[in-house]
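Welcome, and please load the model in your viewer. Keep a selection box ready, and we will go from stop to stop together.

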Amino acid sequence: MEEPEFDKNKAETYEKMKAARVFPDKVINQLRKFSWYKRRSSSQDLSEADQLNVLDYGCGTGLCTMQIVDDGHLVTAVDVSSHMLDVFRRKLVLHETVAVKLVHLPAGDGSELPRGNFDLILLSYVLHHVEPQKRSALVENLKMCLRPQGGRLLLFEFLDTDQSREAFRELQAAKNDQDTDDTQCDTHCHGHAEKKMNEAHHLDGQGQSHHRHYHWLNPGEVKEQIIGPAGLHIEEDNTFQVENLVRNPACVMDCYFLLASTK
């Protein structure tokens with residue numbers, strides 16, 4: 001299926017949005033807190049034992065991927081949008097790195113990825129984009145891509161709270177503010193702030209309607225409906241807040257992460 005044109009337009013302007021930069025930085029800051037995640041220094045590369053083979057599933061334009069590469073790890077970056085990957089590919093030319101492999105998977109179910117190959121899979125604000133009936137299969141496929149012993153899946157998502165809903169409304173208002181380009185937000189970062197799945201309709205250049213699905217899953221739902229059935233074991237989970245999304249300091253998004261492993 002041909003990708004809708006709005007994806008191309010969004011990809012080209014995505015990194016101009018402040019929120020698009022803030023969320024990846026939060027993800028990487030949390031990743032660097034784990035004792036098993038090592039970083040190379042300015043004078044020494046990581047040892048083979050410390051270097052991870054990472055899958056960034058839903059990499060977008062590579063805002064998380066590039067920081068993981070800078071830390072010294074090998075990354076396979078996957079996205080369903082070829083337009084996002086085109087932007088990412090242009091950045092790689094300037095970065096002088098060969099540690100990233102880009103993969104376009106239009107099907108978006110992870111079934112074509114190599115099995116038993118990755119030390120870590122990152123799902124950064126991806127799951128709410130996946131249709132509800134496809135989420136379990138996606139995570140089960142990704143679990144098969146992890147090393148059978150000690151492979152980890154790190155998932156970040158939004159908490160469905162009153163504060164998050166208010167932040168979402170503020171971000172949507174900022175999106176329409178022509179005088180604050182750096183405060184704009186796009187639904188690539190933020191799902192619809194309703195408990196039930198909603199459909200957002202977008203028109204491409206030919207006037208065709210495309211559907212996007214959003215549904216914020218709270219940690220209990222993810223554990224019971226997705227992580228547990230996939231045979232993954234929770235190592236750690238926690239909630240946190242993301243600030244500085246717009247100029248209003250009261251705009252705060254509640255989020256959470258789940259770290260699961262194959263053990």
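This tour of a predicted model visits a central strand and its partners, then a few salt bridges.

**Stop 1: strand β1**

Select residues 53-57, which make up β1. How many of its five residues are buried? Five of the five are, so the strand counts as mostly covered. Now show the side chains: Asn-53, Leu-55 and Tyr-57 point one way, while Val-54 and Asp-56 point the other way.

**Stop 2: the partners of β1**

Add β2, residues 74-79. β1 and β2 pair in the parallel sense over five bridges. To find one of them, start from Leu-55, whose bridge partner in β2 is Thr-76. Next bring in α3, residues 65-70. Together, β1, α3 and β2 form a right-handed β-α-β unit.

Then select β4, residues 120-124, which runs parallel to β1 and is joined to β1 by three bridges. Here Val-54 is a good place to begin, with Leu-120 as its bridge partner in β4.

**Stop 3: Arg-39 and Asp-71**

Time to look at charges. Side chains of opposite charge can pair when their charged atoms come close. Select Arg-39 and Asp-71, whose side chains meet in a salt bridge at 3.1 Å, N to O. Arg-39 sits in the loop between α2 and β1, and Asp-71 in the loop between α3 and β2, so the pair ties together parts that are 32 residues apart in sequence.

Is Asp-71 buried or exposed? Its relative accessibility is 2%, so Asp-71 counts as buried. Arg-39, with a relative accessible area of 49%, is partly exposed. Add Arg-32 to the selection too: Arg-32, Arg-39 and Asp-71 are linked in a network of salt bridges.

**Stop 4: Arg-90 and Glu-12**

Which residue forms a salt bridge with Arg-90? Select Glu-12, where the closest N and O atoms are 2.9 Å apart. This pair links distant parts of the chain: Arg-90 belongs to helix α4 (residues 82-95) and Glu-12 to helix α1 (residues 5-13), 78 residues apart. Arg-90 is partly exposed at 44% relative accessibility, and Glu-12 is partly exposed at 40%.

**Stop 5: Asp-160 and Arg-165**

Finally, select Asp-160 and Arg-165, a salt bridge whose closest N and O atoms are 3.1 Å apart. Asp-160 is buried at 14% relative accessibility, whereas Arg-165 is partly exposed at 24%. If you would like to go on exploring, the model has 11 salt bridges by this count.

Methods. Residues numbered from 1 in each chain as written. Predicted model: local features only at pLDDT ≥ 70, side-chain atom pairs only at ≥ 80, totals over all residues. Heavy atoms only, no water. Salt bridge = Lys/Arg side-chain N within 4 Å of Asp/Glu carboxyl O. Helix = DSSP H or I, 4+ residues; strand = E, 2+ residues; numbered from the N terminus. Buried < 20%, exposed > 50% of the residue type's maximum accessible area, 1.4 Å probe, protein only. Pairing = 2+ DSSP bridges. Right-handed = clockwise from strand over helix to strand, strands pointing away.
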